[in-house]
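Biologist: Could you take a close look at one part of this model for me, the enclosed spaces and whatever surrounds them? Keep it informal, but walk me through it in one go.

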Amino acid sequence: MKKVVVGLSGGVDSSVAALLLKKKGYEVIGLFMNNWDNSNINTNKCSWVEDSIYAMLVSQKLRIPFQVVEMKKEYKKYIINYMFNGYRYGTTPNPDILCNREIKFNIFLKKAIDLGADFIATGHYVNKQIIIKNNKIIYRLFIGKDSNKDQSYFLCQLSQYQLKKSLFPLGPFTKNQVRKIAEKNKLCNAYKKDSQGLCFVGKINLSKFLQQEILPKKGEIININSKSSIYNKKKFFLFKIEELFFLSKKKKYKKSDGKLIGYHQGAPFFTKGQRKGISLGGYKKALFVIEKDIKKNIIYTGMGRNHPGLYKKSLFIKEKNIHWIRDDLALLDGNKMEVFCRIRYRQPLQKAFLYKIKNGMFIEFERMQCAINEGQFAAWYIDNELIGSGVIS
C-alpha cells in the first residue's frame with residue numbers, strides 16, 4: 001500500500017483530495033503547515049488556528065493520522081523576504097508560485113519523505129500524466145477539468161522530480177463536484193469559503209503589510225498624456241531580434257514628459273496596472289499606474305484602461321530565469337516555438353511565440369498585453385499542457 005501525505009489546509013479541496021486517495025486504497029496522513037501567524041495583520045476572522053481545527057476535524061472524520069508541522073522560519077526566509085525584496089527594488093513578486101516551488105513541493109515534500117511517504121498530494125485543480133519518450137519517463141502537467149479553477153499557473157516552476165512525487169486527485173473534477181463529494185461524505189468544511197489573498201497569509205492590505213519593513217516616503221505622481229510623443233516613435237528593423245528588444249523594452253519616463261497631479265507615500269507600494277490606492281479623484285477616467293521610478297520615488301500614471309503606457313507586445317526572460325517542466329521540449333538558441341501563454345492567474349491563454357537567444361528568451365504575443373510586470377511569471381503551454389515558465393525581466 002503506497003503512503004501519501006496530504007497537505008491539509010482546512011479547506012474543502014485538500015480535504016476531498018485526502019478522501020479520494022483513501023478511497024483508492026492509499027495509506028493517507030494529513031499534515032497542516034503552520035507557516036504564518038496572521039493574527040496581527042489579517043482582518044479576516046479566519047486564522048491559522050481555525051484552519052488547523054478544520055484540518056484536524058476532517059482527519060478525525062477520515063480516520064487518518066494528523067499532525068501540525070511548524071515551518072514559519074522557512075516561510076519567512078523563502079517567501080516573506082522574497083516579497084519585501086521584490087517590492088523594495090521595484091519588481092512585482094508572485095509569492096504563490098514561489099510558495100509552491102520552495103515550501104509545498106520542496107520543504108514539505110522532504111518532511112513527507114522523512115515520514116516514509118511515497119507521494120505528497122494537494123488540492124490543486126490540475127492533471128498529471130506520464131509518458132515514455134526515448135526510454136525515459138516524462139511527467140506532464142495539464143490544465144484541470146474546471147477551467148475556472150485551473151491552478152496550473154501556480155505550479156509553473158515545478159520540476160520533473162516534484163511532479164513525480166506529487167498527486168493531484170482533483171484534476172478530473174469541478175469545484176461544484178468537489179463540494180458535493182464533501183457534502184455527501186459529511187465533511188465539516190463542505191461549504192467553507194475558499195481562502196483568498198496571499199498564500200498562507202490570507203487577504204491583506206498589501207501597502208500596510210509592506211510597511212512592516214519598507215518605510216513610507218512622500219513622492220510625486222506624474223500623469224502622462226495618452227497622446228504624448230513618447231508613444232509615436234516609429235522604428236524600422238533589419239532583424240526580428242532588434243524588433244523584439246524594442247517591443248519588450250521598459251519605457252523610461254521623465255518628469256518633464258507629464259504633469260504633476262499629486263503625491264503618494266512610496267513607489268515600492270505600487271505596481272504597474274494598479275488603479276486602487278492612487279487616491280486621486282475628479283478625472284473623466286480612472287488613473288492607472290503605468291510605470292514607477294524606485295530610485296527617484298516617482299509614480300507615472302495614465303488616464304483610462306486603454307492608455308498606451310499600459311500595453312506591450314513582447315517581454316524578455318533572462319537565461320537564468322527560464323524553467324522548463326518539459327526539458328525534452330526546451331528551445332535551442334536561434335529557434336522559435338508557437339505556444340499559448342499567460343502572465344497572470346486566471347488570464348485566458350494568449351497566442352504567442354517564444355524566441356530563444358543566447359542570453360535569454362523573448363515572448364511575443366499575438367495581441368498587446370496589459371500591465372506586464374517585472375518579477376511576475378510568464379507560463380507557456382502547448383494546447384492544455386504546461387511546459388515551462390520564467391520570471392519577466
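**The cavities and their surroundings**

Modeller: Let's start with the second largest cavity, which is lined by G90, T92, T271, K272, V289, E291, K292, N373 and E374. Keep in mind that this is a predicted model. The space in there comes to about 50 Å³. Sorted by class, its lining has 4 polar and 4 charged residues, plus 1 nonpolar one. V289 is one of the lining residues, and so are E291 and K292; strand β10 covers 287-293.

How many cavities of 30 Å³ or more does the structure hold? There are 2. The largest has a volume of about 100 Å³. It is lined by 14 residues, and those closest to its centre are K251, K272, G309, Y311 and K312. K272 is also on the list for the second largest cavity. Which elements give two or more residues to the lining of the largest cavity? They are β10 (287-293) and β12 (311-318). By class, this lining has 7 nonpolar, 6 charged and 1 polar residue.

Since β10 keeps turning up, here is where it sits. It belongs to an open sheet of 4 strands in the order β9-β8-β11-β10, with mixed pairing. β10 is an edge strand, as is β9 (259-264), and each of these pairs on one side only. From one strand to the next, the twist averages 30°. The neighbour of β10 is β11 (residues 298-303), and the two pair in the antiparallel sense over 6 bridges. To pick out one position, F288 stands opposite G302 in β11.

The loop between β10 and β11 is worth a click too, as it contains N297. Phi of N297 is near 55°, a positive value in a residue other than glycine. Is N297 buried or exposed? It is buried, with a relative accessible area of 7%, and the cut-off for buried is under 20%. For contrast, look at R346, in the loop between β14 (336-342) and β15 (350-357). R346 has a positive phi of about 75° and is not a glycine either, but its relative accessible area is 47%, so it counts as partly exposed.

Further along the chain, β18 (residues 385-391) is a good strand to follow. Of its 7 residues, 6 are buried, so the strand is largely enclosed by the rest of the structure. Its partners are easy to trace. β17 (residues 377-382) runs antiparallel to β18, joined by 6 bridges, with A378 opposite G390. Those two strands form a hairpin with 2 residues between them, and D383 in the turn has a positive phi of about 55°. β13 (residues 322-324) pairs with β18 in the antiparallel sense over 3 bridges, and there W324 has G388 as its bridge partner. β6 (residues 136-143) is joined to β18 by 2 bridges, again antiparallel, with F142 partnered by E385.

Zooming out, the chain has 8 helices and 18 strands. Its radius of gyration is 23 Å, close to the 21 Å that the globule rule gives for 393 residues, so it is as compact as a globular protein of that length. The C-alpha trace spans about 70 × 55 × 35 Å along its principal axes, and 52% of the 393 residues count as buried.

Note on methods. Residues are numbered from 1 along each chain as its sequence is written. This is a predicted model: local features need pLDDT of at least 70, side-chain atom pairs count only at pLDDT 80 or more; totals for chains, interfaces and linings use all residues. Side-chain values use heavy atoms; hydrogens and water are left out. On a 1 Å grid over the protein atoms alone, a cavity is a set of points where a 1.4 Å probe fits but cannot get out, and a pocket is an open set with protein on both sides within 12 Å along at least five of seven lines; lining residues have an atom within 4 Å of a point. Grid points are joined across faces, edges and corners, and a volume is the space filled by probe spheres set on the points. Ala, Val, Leu, Ile, Met, Phe, Trp, Tyr, Cys and Pro count as nonpolar, Asp, Glu, Lys and Arg as charged, and the others, Gly among them, as polar. Two strands pair if DSSP finds at least two bridges between them. Axes are lines fitted to C-alpha atoms, for helices over the stretch in contact, and angles run from 0 to 180 degrees between N-to-C directions. Buried means under 20% relative accessible area, exposed over 50%, partly exposed in between (1.4 Å probe, protein chains only). The radius of gyration is taken over C-alpha atoms; the globule rule is 2.2 Å times the number of residues to the power 0.38.
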